[in-house]
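Reader: I'd like to go through the labels on this one and hear what backs each of them. Can you take me through the reasoning?

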Amino acid sequence: MAAHRRASGPPAEEMLRECARDVVAVAEGIREVSARTSSVLFAPALTGSARRRPRTGLAARWALLRTLTNKQGLGGSAILAPDGVGHLLGAAGEALGRESLAALVAVTSLRLRIAAVLLDHPECGHDPGMRRLTDAVTAGHDPEAVRALRALFKDRGAQRSLSALAPILSELLTIQGLLDEDPLSDETAWALAAGPVRGFDASRLPVPDRGEGGAQAVELSAREAGSLATEGSFLGFLRNIDALAGDGRVLVQEVRGPDSVLRYVVQAPGAAPGRPRDDSPQDFAGAWRNLFLADSPYSRSILLAIRDHGIPRGADLALVGHGEGGIALLNLAQDDEFCRAYRVTHVVAVGAQVDDRRPADPRTWVAGITDRHDIVPVPEGPGAPHPNRYRVDYTGPTREFPLCHLLRVYIDHLETVVPQARADVDRALALYHGPVERTRVYRLRDRGRPPEGYPFLAVPTTSLATSAGPVDMPVRYYDSSAAHLCFPVDTDVARSLLPDVAWLVPTRLGRRALAVLSLYEHRCTTIGPYTELGLSVLVDDLWRPHAYDLAADLLRRADLRRTGRYLVALAVGTEEARAVAEEVWAQPTVRGAADIDLQGRELRLHAPGLGVSVEGRPGPGARCPEPDWVLYGRRGESVVRTLVRAYGRTRIHARPRLRLRVDGAHGPLARHLQVLELDAVRPGFVLSSPRFMARRSAGAVLPR
């Protein structure tokens, strides 16, 4: 009977999520009790009573103080006191290593939510943000976990690495508020206002301004203009969004309907995971606000684009969005003033949560289409009944996240898996079927903030076509880690790995050549997050090699260097990165997943599919200049030269205690490592960069 109940009961991951919601509600209740107790403790009436009747008044205050500070009670460093003694007591509690009961309970809730996500989507365990978060919540015992989490939320680089964790963002917001030492700060007020706190009035808390938002009309490239739909249809609007996704742009189209009436369609993409958008409201911090607050920079920027387009008051308007874009459009549809200015006839959100959102105009038809494997929408129940609500929650064949959240995957599913949903939405949008008479694209801006990576990464860019889509050059790396394992190797063996041309020779260090195994964890780049493993050999000047070229090059600017590293094998974690490496940089590349951690005292790499693993400590190191690199590849009868400029803190480790293990049956990278016999020796030295920024130019073709 018990086995039958387990089989017919709710899924384990849903039970874990429900437990997490209950536990975080308990933590919020404890926090409110702490706030009320603190208010009573420092209330003027009780202070006056203690002066008038010391025996009873002081005893009452002492009992309240013990309740707040004792580790068997509410105690810890988070004391909600207005000023003075309360802050001193809080500082004392923190110095003693105590944490509040609310924070300890909150960590338990976060553990449950992470367990639910990993149970349903084990591939998320390889995400660098999830790994850092899991390490924090499992650090030693509960007080240490609280302190590790608090440090993680303050770390801007870590916040970027958390950007792919949309499935638990509501939990993260509430936990962040519960962990803040100063609960009356604006940042905590924002977190609490955004978090789904039961019985809590978010309007009472101030929300810091992330920018007023802005929108500027921009021109499309000829290729982009040719890819946009010329006839109004549901899939046509979605394909338009897919063409603009991840670039901080929205689209407004004018469609002449079958009744000859001109109508307007606003199309908004979602945030691209792992891509920096601090110069645009279409970023992950904006997604946090969009999900819980109707007013956000993204919604305000879309409103400015609509006004700039000149849509007349009272015109029919359809809003179509994906992910964060769908949420921002739903926020607009909830605004009374907006719905008085325009007649919002339809809102269609793909891969976005729509259950708890009620438009200001009851006539607005709302459609939500979500894949059950997509954990970004964060469904919280069936939602309130609505006569004009259409909901499709299907199970697609693509289980892996974030692949199942991509709009192009949703488009494919609407054609093959749930064609009835496509037909239903198209039927509802029948008045928007007709020729597109005008199209304008608007780039959204967050005012008052410099672009991410400014000024190092604020450089001119150009778009290049690849088999995986257009890519901006140079490729910019906003948050990466790297370790370069440098091995002295036999010169003849190193030469055997290079192309069979007489002028390409390894650089000699004494009687040996130098092979470099480079490990990269790219958490935030303009081509998305990915891992990278590269084996290269240092080579001399291609035209006039000299014995001391390498030493002289260390004194030259990177763009004037004559030596470089020839890539003999490369493995990357995504198809987009593979396309860029092969087609733009002419590097021999394969796809392969790797679990890399380069930010702790120990370096760790596990890539069983590639047959390579690295583990150990680099040992003590000394600061050294950030090494800019010149990388060489080969295409046909030419050499392709790529310049890599880096900015960060690099250390050189002269006595590394690292062990490389190789299984040569798993591909060219592992076979080359075995040919060089690198699995039998330790590296001569290691260059490590726990966090750096870089830009990698397009390859220059050399007639060599």
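Reader: What makes β1 and β8 a pair of strands?

Author: This is a predicted model, and in it five bridges join β1 to β8 (residues 436–445). Two strands count as paired with at least two bridges between them, so five is enough for β1 and β8. The two run antiparallel. One of the bridges puts Ala215 opposite Leu444 in β8.

Reader: Why is β1 called an edge strand?

Author: The sheet is an open one of eight strands, ordered β1-β8-β2-β3-β4-β5-β6-β7, with mixed pairing. β1 (214–218) and β7 (389–394) each pair on one side only, and that earns them the name of edge strands. Ignoring direction, neighbouring strands here are turned by 20° against each other on average.

Reader: Which helices lie across those strands?

Author: α13 (residues 234–244) lies across β2, β3, β4, β5, β6 and β8, at about 155° to β2. α19 (residues 419–428) lies across β5, β6 and β7, and its angle to β7 is about 165°.

Reader: How do you know that the length of α15 agrees with what a helix should span?

Author: Count the residues: α15 (residues 297–309) has 13, and at 1.5 Å a residue they should span 18 Å. The C-alpha atoms at its ends are 18 Å apart, so the two values agree. Several α15 residues are buried, among them Tyr298, Ile302, Leu303 and Ile306. Just after α15, Gly310 has a positive phi of about 80°.

Reader: What makes α16 "mostly covered"?

Author: Buried means under 20% relative accessible area, and ten of the ten residues of α16 (residues 324–333) are buried. They include Glu324, Asn331 and Ala333.

Reader: Why is the contact between Glu437 and Arg256 called a salt bridge?

Author: The cut-off is 4 Å from a side-chain nitrogen of Lys or Arg to a carboxyl oxygen of Asp or Glu. For Glu437 and Arg256 the closest N and O atoms are 3.0 Å apart, so the pair qualifies. Glu437 sits in β8 and Arg256 in β2, so the bridge ties together parts 181 residues apart in sequence.

Reader: Are those two buried or partly exposed?

Author: Partly exposed covers what lies between 20% and 50%. Glu437 has a relative accessible area of 45%, so it's partly exposed. Arg256, at 28%, counts as partly exposed too.

Reader: What about Arg691 and Asp479: what makes that a salt bridge?

Author: Their N to O distance is 3.6 Å, so it falls within the 4 Å limit. Arg691 belongs to β24 (residues 685–696) and Asp479 to β11 (residues 475–490), so parts 212 residues apart in sequence are tied together. Arg691 is partly exposed at 31%, whereas Asp479, at 0%, counts as buried.

Reader: How do you know that Glu532 and Arg696 form one?

Author: Same kind of check: their side chains meet at 3.3 Å, N to O, so the pair passes the 4 Å limit. Glu532 lies in β13 (residues 530–539) and Arg696 in β24, so this bridge ties together parts 164 residues apart in sequence. Both Glu532 and Arg696 are buried.

Reader: How many salt bridges does that rule give?

Author: The count comes to 27 salt bridges.

Reader: And which residues are linked in a network of salt bridges?

Author: Asp259, Arg263, Asp316 and Arg343 are linked that way.

Key
Residues numbered from 1 in each chain as written. Predicted model: local features only at pLDDT ≥ 70, side-chain atom pairs only at ≥ 80, totals over all residues. Heavy atoms only, no water. Helix = DSSP H or I, 4+ residues; strand = E, 2+ residues; numbered from the N terminus. Axes fitted to C-alpha atoms, helices over the stretch in contact; angles between N-to-C directions. Contact = heavy atoms within 4.5 Å. Expected span 1.5 Å × (residues − 1). Buried < 20%, exposed > 50% of the residue type's maximum accessible area, 1.4 Å probe, protein only.
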